[in-house]
Amino acid sequence: MALKITVIGTGYLGATHAAAMAELGFEVLGLDVVPEKIEKLRRGEVPMYEPGLEELLHKHVAGIEGSSGRLRFTMDWAEAGEFGDIHFVCVNTPQRHGEYACDMSYVDSAIASLAPHLKGPALVVGKSTVPVGSADRLAAYLAEHAPAGADVELAWNPEFLREGFAVEDTLHPDRLVVGVRGERAEKLLREVYATPVAEGSPFVVTDFATAELVKTSANSFLATKISFINAMAEVCEAADGDVAKLAEAIGYDDRIGKKFLRAGIGFGGGCLPKDIRAFMARAGELGADQALTFLREIDSINMRQRGRMVELTRQELGGGAFLGKRVAVLGATFKPDSDDVRDSPALNVAGQIHLQGGQVTVYDPKGMDNARSLFPTLGYADSALEAVRGADVVLHLTEWREFRELDAQALGEAAAQRLILDGRNALDPEVWRKAGWRYRGMGRPTA
Ligand code: UGA
């Protein structure tokens with residue numbers, strides 16, 4: 001009989017995972033504790049902007065015309081406990097308020113709510129990003145609290161999906177990592193992922209600790225790559241070099257690679273910043289803090305870029321105060337193809353200039369609602385052209401395709417001054433110069 005799967009937590013990770021499991025042919029029950037989320041999902045609506053996810057939900061959510069009906073949603077823990085052969089835990093682990101460590105309360109409460117309803121054999125699979133050692137602790141908890149006792153197993157299966165590519169990354173992962181203690185858990189997970197494995201996704205089996213560490217070390221490596229190139233950008237600024245050329249040239253060495261070497265205002269979002277901090281905090285608890293002190297520098301290089309963008313803007317506006325200056329900001333989300341503004345470098349820069357007296361007007365293709373609710377005192381416009389109207393300077397802070405396709409001539413006519421600063425080094429300087437703009441990239445003083 002086909003496996004039945006529950007997915008606990010229906011945010012970016014869980015909603016995508018649930019839809020992907022239905023796409024792979026399983027019967028799926030998604031659970032969340034937030035009623036509005038469940039109501040939306042039952043109608044096939046996605047609580048966030050994620051390309052392809054709404055289509056996938058429509059294809060599978062029960063009750064939607066023409067759907068496979070394999071995907072349902074509930075708020076009832078007893079129903080979930082009874083339904084699933086496998087329970088994926090996909091709740092988030094944000095940074096703890098006022099600390100570096102991550103907040104495990106959602107994971108802990110999900111496990112605590114599920115455990116009493118596990119009355120028969122089941123596999124609980126953690127996907128959330130957690131401090132190393134958590135799986136060990138949660139396995140002990142389940143053994144003690146699940147009525148089925150030793151028939152309930154735990155596995156850790158970290159997720160590597162990127163926002164904006166969540167569906168693609170979940171259906172065609174570049175690797176699957178499973179931390180297991182027994183053959184049964186491995187066998188069940190091989191069954192779940194049989195399709196992507198048959199298509200060539202490597203399946204890496206580890207112990208609990210290694211699986212947890214793979215996730216945090218992967219994100220730490222990515223953060224390190226970005227901060228490395230941003231450090232080079234700072235040196236390029238001082239030495240009149242061009243960091244974009246430098247990145248291209250070192251990237252031809254395939255040991256280095258081209259990806260994740262785009263200098264600019266740095267990384268943000270709900271993952272990289274909090275994951276490197278939680279990793280440092282956990283290493284400290286384990287007495288291995290020295291091994292990760294470099295991440296402190298990675299974090300500080302990253303946070304510094306936001307301030308550098310503000311200073312570059314000030315300098316290009318003549319060096320004085322922002323008071324009375326009109327600043328157009330293109331982009332509010334932490335990256336393109338997402339509506340996520342969590343720890344967004346773009347909004348941070350916009351906010352700093354606004355707080356220093358600049359008249360900031362922001363436009364973003366998908367992030368307007370989230371930006372408005374996070375930063376209600378900023379000005380907002382309905383289009384790039386409206387944001388730029390009357391501006392003394394235009395800041396390009398999130399590299400949406402829409403911004404690369406802007407009509408530089410038309411924008412020039414709307415702006416008070418043709419000055420554009422590229423915080424993502426993603427625009428073509430030639431296009432803007434031809435239309436009479438002064439173009440300035442980060443780490444590219446002469447480009
Ligand atoms: C990141 C990882 O890439 C995923 O593999 C991981 O699963 C996910 O975190 C997670 O832990 O859940 P994501 O947060 O969606 O994914 O975003 P990224 O694509 O990694 O971008 C992060 C930030 O780095 C963005 O603000 C982006 O603008 C910035 N970035 C990226 C750069 O500044 N330069 C680059 O060259 C690349």
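For the counts below, Ala, Val, Leu, Ile, Met, Phe, Trp, Tyr, Cys and Pro go down as nonpolar, Asp, Glu, Lys and Arg as charged, and everything else, Gly included, as polar. Keep in mind that you're working with a predicted model.

**Exercise 1. Work out what kinds of residues surround the ligand, and which come nearest.**

Step 1: Sort the shell by class. You get 10 nonpolar, 3 polar and 8 charged residues.

Step 2: Look for the nearest ones. Of the 21 residues around the ligand, those are L161, E163, K215, N219 and F334.

Step 3: Ask which helices chip in. Helix 10 (208-239) and helix 12 (272-285) each give at least two residues to the shell. The largest share, 4 residues, belongs to helix 10.

**Exercise 2. Find polar atoms of the protein that sit by ligand oxygens, then say how much of the ligand is covered.**

Step 1: Set the cut-off. A polar contact here is a pair of N or O atoms within 3.5 Å.

Step 2: Check the backbone. F334 has a polar backbone atom 2.7 Å from an oxygen of the ligand, and for L261 a backbone N or O atom is 3.3 Å from a ligand oxygen.

Step 3: Check side chains. R424 places a polar side-chain atom 3.2 Å from an oxygen atom of the ligand.

Step 4: Turn to the cover. On its own the ligand has 720 Å² of accessible area, and the protein covers 92% of that.

**Exercise 3. Why can we say that the ligand lies between two domains?**

Step 1: Split the protein. Domain 1 runs over 4-206 and domain 2 over 207-447.

Step 2: See how the two meet. Their C-alpha centres are 32 Å apart, and the contact takes 35 residues from domain 1 and 29 residues from domain 2.

Step 3: Go back to the shell. Both domain 1 and domain 2 give residues to it, so the ligand lies between them.

**Exercise 4. Trace what R282 touches.**

Step 1: Place the residue. R282 is in helix 12.

Step 2: Compare sequence and space. From V130, R282 is 152 residues away along the sequence, yet the C-alpha to C-alpha distance is 9.7 Å.

Step 3: List the contacts. Setting aside neighbours within four places in sequence, R282 touches P131, V132 and G133.

Step 4: Pick out the polar pair. A polar side-chain atom of R282 lies 2.6 Å from the backbone oxygen of V132.

**Exercise 5. Put the UniProt annotations onto the model.**

Step 1: Start with the "binding site" feature. The unreviewed UniProt entry lists residues including F160, L161, E163, K215, L261 and K335. The listed residues spread over 176 residues of sequence and up to 24.6 Å between C-alpha atoms.

Step 2: Locate one of them. F260 falls in the loop between helix 11 (243-251) and helix 12.

Step 3: Add the domain record. UniProt, again in an unreviewed entry, gives residues 328-429 as "domain: UDP-glucose/GDP-mannose dehydrogenase C-terminal". In the model this span is 34% helix and 18% strand, with its end C-alpha atoms 18 Å apart.

Terms used:
Residues are numbered from 1 along each chain as its sequence is written. This is a predicted model: local features need pLDDT of at least 70, side-chain atom pairs count only at pLDDT 80 or more; totals for chains, interfaces and linings use all residues. Side-chain values use heavy atoms; hydrogens and water are left out. A residue is near a molecule or strand if one of its heavy atoms lies within 4 Å of it. A polar contact is a pair of N or O atoms within 3.5 Å; within protein, one must be able to donate a hydrogen and the other to accept it, and residues adjacent in sequence count only if both atoms are side-chain atoms. Accessible areas come from the Shrake-Rupley method with a 1.4 Å probe; for residues, only the protein chains shown count as cover. Domain bounds come from an automatic or database domain assignment. UniProt positions are given in the numbering used here, feature names are shortened, and annotations may be inferred rather than shown by experiment. Contact means heavy atoms within 4.5 Å.
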